[in-house]
Amino acid sequence: MSTFWLYLTITVSLVAASVDKCGVSKYADNPFVPRIVGGQNAEPNEWPWQISIQLTHPQFGFLGHWCGGVLIDKQWIVTAAHCIINPLFVLPHAQFWKVRVGEHHMKKEEGNEKTYDVSNVYYNHWYSQYDNDIAMMRLSQPIDVNDNVQPICLPDKDETFMGADCAATGWGKVDFDKKGSSILKEVSVQVYDNSVCHNAYNKQFQIGIKDWHLCAGTLAGGKGTCHGDSGGPLQCKKGNKWYLAGITSFGSGCAKVGFPDVYSRITYFLKWIDSNKAFHP
């Protein structure tokens, strides 16, 4: 059996958003080139809600970029639960995490970057391996919303995103045997009915695809997410705004033929998101 991966790069040896502005890219009028794996470099701050989650490990010190995430409110981040609860560590503690907004090139300062402390971390308590893979982080202070840094919109609860223009983004590997990208990558993907992923993953890996999953990618292979893209957004455009459809969770490797990627479906978790935000109105 092939090795199955959650999309976390291990570097240690071992509801609509209630904001004034959301889901608007300053590159909205540019054609999105459908060419991460099989993708291309994003423009600086083209995806102003994409963030980098940075880890300071209690034993190994500052490790820098650990996972992707997405800004859904001036003070809230959504990411993958397996970024903070995994076989190497269980670190649902705010002091170990920081959030970097306005990031584009990991090795360059381009003027829009800012780092925020995290005040609270919540992971879904029903999370287990490939199920309910979602977490939230509350920033210590609200961000300043502008063209380069702003939240994405949250969808209506009945939205499926079938037929929408969707893109996955992240700083993950561009192929299975490559290193993570220093520049944010983007790739266009198609949303499939969950049965497409269920037929593939259940047969090969005995992993069932449930209501809290979202299936997106390509059956032809060669385009999709890879290791290091964990927690990043699957964003889909409806009208002139981008909405958060899913959070990068797992896949068969890196854009393998016949295996679209699997995301945590945001519409399933809208009530859970709202309940966490209610603790900090």
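**View 1. W47 and W49 form an edge-to-face ring pair.** Both W47 and W49 are buried; buried means under 20% relative accessible area, exposed over 50%, and partly exposed in between, with a 1.4 Å probe and protein chains only. The model is predicted: local features need pLDDT of at least 70, side-chain atom pairs count only at pLDDT 80 or more, and totals for chains, interfaces and linings use all residues. Residues are numbered from 1 along each chain as its sequence is written, and side-chain values use heavy atoms, leaving out hydrogens and water. Rings of Phe, Tyr and Trp (its six-membered ring) pair if their centres lie within 6.5 Å; planes under 30 degrees apart are stacked, over 60 edge-to-face, the rest tilted. The count by this rule is 13 aromatic pairs. The ring centres of W47 and W49 are 6.3 Å apart with planes at 65°, so this pair is edge-to-face.

**View 2. Y201 and F250 meet edge-to-face.** Their centres are 5.8 Å apart, and the planes stand at 90°. Y201 belongs to helix 1 (residues 194–205) and F250 to strand 15 (residues 241–251), so the pair ties together parts 49 residues apart in sequence. Helices (H or I, at least four residues) and strands (E, at least two) are DSSP runs, numbered from the N terminus. Y201 and F250 are both buried. Ring pairs link Y130, Y201, F205, F250 and F259 into a cluster. K256 lies over the face of F259, 5.6 Å from the ring centre. The criterion places NZ of Lys or CZ of Arg within 6 Å of the ring centre and within 35 degrees of the ring normal.

**View 3. Six strands close into a barrel.** The order is 3-4-5-10-9-8, with antiparallel pairing. The twist averages 45° from one strand to the next. Two strands pair if DSSP finds at least two bridges between them. Strand 4 (residues 61–73) and strand 5 (residues 76–79) pair over three bridges, in the antiparallel sense. Here D73 stands opposite W76 of strand 5.

**View 4. Strand 10 is covered on both faces.** Five of its five residues are buried. A135, M137 and L139 sit on one side, M136 and R138 on the other. In a regular strand the side chains alternate between the two faces of the sheet. Strand 5 pairs with strand 10 over four antiparallel bridges, and V78 stands opposite M136. Strand 9 pairs with strand 10 over five antiparallel bridges, and V121 stands opposite M137.

**View 5. Helix 2 lies across four strands.** Helix 2 (residues 270–278) lies across strand 4, strand 5, strand 9 (114–123) and strand 10 (135–139). Helix 2 runs at about 30° to strand 10. Axes are lines fitted to C-alpha atoms, for helices over the stretch in contact; angles run from 0 to 180 degrees between N-to-C directions.

**View 6. Q54 is a buried residue of strand 3.** Strand 3 spans residues 50–57. Q54 counts as buried because its relative accessibility is 12%. Leaving aside neighbours within four places in sequence, Q54 is in contact (heavy atoms within 4.5 Å) with F62, G64, H65, W66, F96, W97, K98, R100 and T115.
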